[in-house]
Amino acid sequence: MNYSHQVSGIAVDQPSHLKAGSSGKATSDEVLIGLIAGGDKDAMRLLYARHNVRVFRFLMRLVGNEASAEDLVNEVFVDVWRNAGRFEARSQPSTWILAIARYKALALLRRRPLDELDDDAYESVADSADDPEQAVQKIERSAILQDCLKQLSTAHREVVDLVYYHEQSIDEVAEIIGVPQSTVKTRVFYARKRIAELMAERGVERAWL
């Protein structure tokens with residue numbers, strides 16, 4: 001996947017004093033955001049390198065279009081650069097970044113007519129330890145699951161994505177989407193139930209969620 005390598009005019013390929021070496025690993029996201037608030041471009045590069053792929057995948061599942069997701073990734077990190085000084089550390093930086101991404105995605109979806117939504121299939125990656133038959137079965141099941149996910153409402157699809165693909169807690173998901181924890185739990189329950197129904201219609205007994 002080739003992302004744009006400019007965030008607000010900042011090249012994001014080669015950080016200097018915060019390279020992902022021993023010093024980079026010791027630098028927490030909270031520290032990086034503090035440095036970004038002070039205008040540290042190297043900290044911005046490292047934060048981008050850590051989170052751009054997961055943000056892209058989250059956006060891709062919401063907007064269903066690779067080009068749009070790539071554009072939104074850059075918009076998200078432009079906002080991170082501009083608003084780092086407002087980060088109050090009441091949540092994890094990754095939660096804050098995904099909340100920005102969600103806002104961007106929903107804003108885009110509100111602007112797009114339904115007939116422009118992209119139905120491209122998501123990539124499926126098989127385990128290299130699988131034999132050919134197992135690999136094909138996993139790809140087929142994954143393709144069916146992804147197709148079922150796309151049939152969920154945006155509200156249900158985003159909680160499934162955050163909980164199961166991004167491993168966010170119920171508390172974190174509630175903060176990202178701005179609803180009570182009980183609402184998140186309810187949406188997860190009904191999303192799983194609907195996926196199971198859709199998978200069963202396709203001859204698959206389990207939804208793998």
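This report looks at how two helices meet in a predicted model and at a pocket beside them.

Because the model is predicted, local features need pLDDT of at least 70 and side-chain atom pairs count only at pLDDT 80 or more, while totals for chains, interfaces and linings use all residues. Residues are numbered from 1 along each chain as its sequence is written, and side-chain values use heavy atoms, with hydrogens and water left out.

**Two helices crossing**

Start with helix H4 (residues 66-83) and helix H5 (residues 93-111), whose axes come within 9 Å and cross at roughly 130°. That makes H4 oblique to H5 (angles under 35 degrees count as roughly parallel, over 145 as roughly antiparallel, 65 to 115 as roughly perpendicular and the rest as oblique). Helices here are DSSP runs (H or I) of at least four residues.

Which residues of H4 and H5 meet? From H4 they include Leu-72, Val-76 and Phe-77, and from H5 they include Trp-96, Ile-97 and Leu-108; contact means heavy atoms within 4.5 Å.

**The second largest pocket**

About 300 Å³ of space lies in the second largest pocket. Of its 15 lining residues, the closest to the centre are Arg-86, Phe-87, Trp-96, Ala-99 and Ile-100. H4, H5 and helix H8 (170-177) each supply at least two lining residues, and H5 gives the largest share, 5 residues.

The table sets out residue classes (Ala, Val, Leu, Ile, Met, Phe, Trp, Tyr, Cys and Pro are nonpolar; Asp, Glu, Lys and Arg charged; the others, Gly among them, polar).

| Site | Nonpolar | Polar | Charged |
|---|---|---|---|
| H4 with H5 contact | 10 residues | 2 residues | 3 residues |
| Second largest pocket lining | 7 residues | 3 residues | 5 residues |

Definitions and conventions:
Axes fitted to C-alpha atoms, helices over the stretch in contact; angles between N-to-C directions. 1 Å grid on protein atoms, 1.4 Å probe; cavity = no way out; pocket = protein on both sides within 12 Å on 5 of 7 lines; lining within 4 Å. Points joined across faces, edges and corners; volume = space filled by probe spheres on them.
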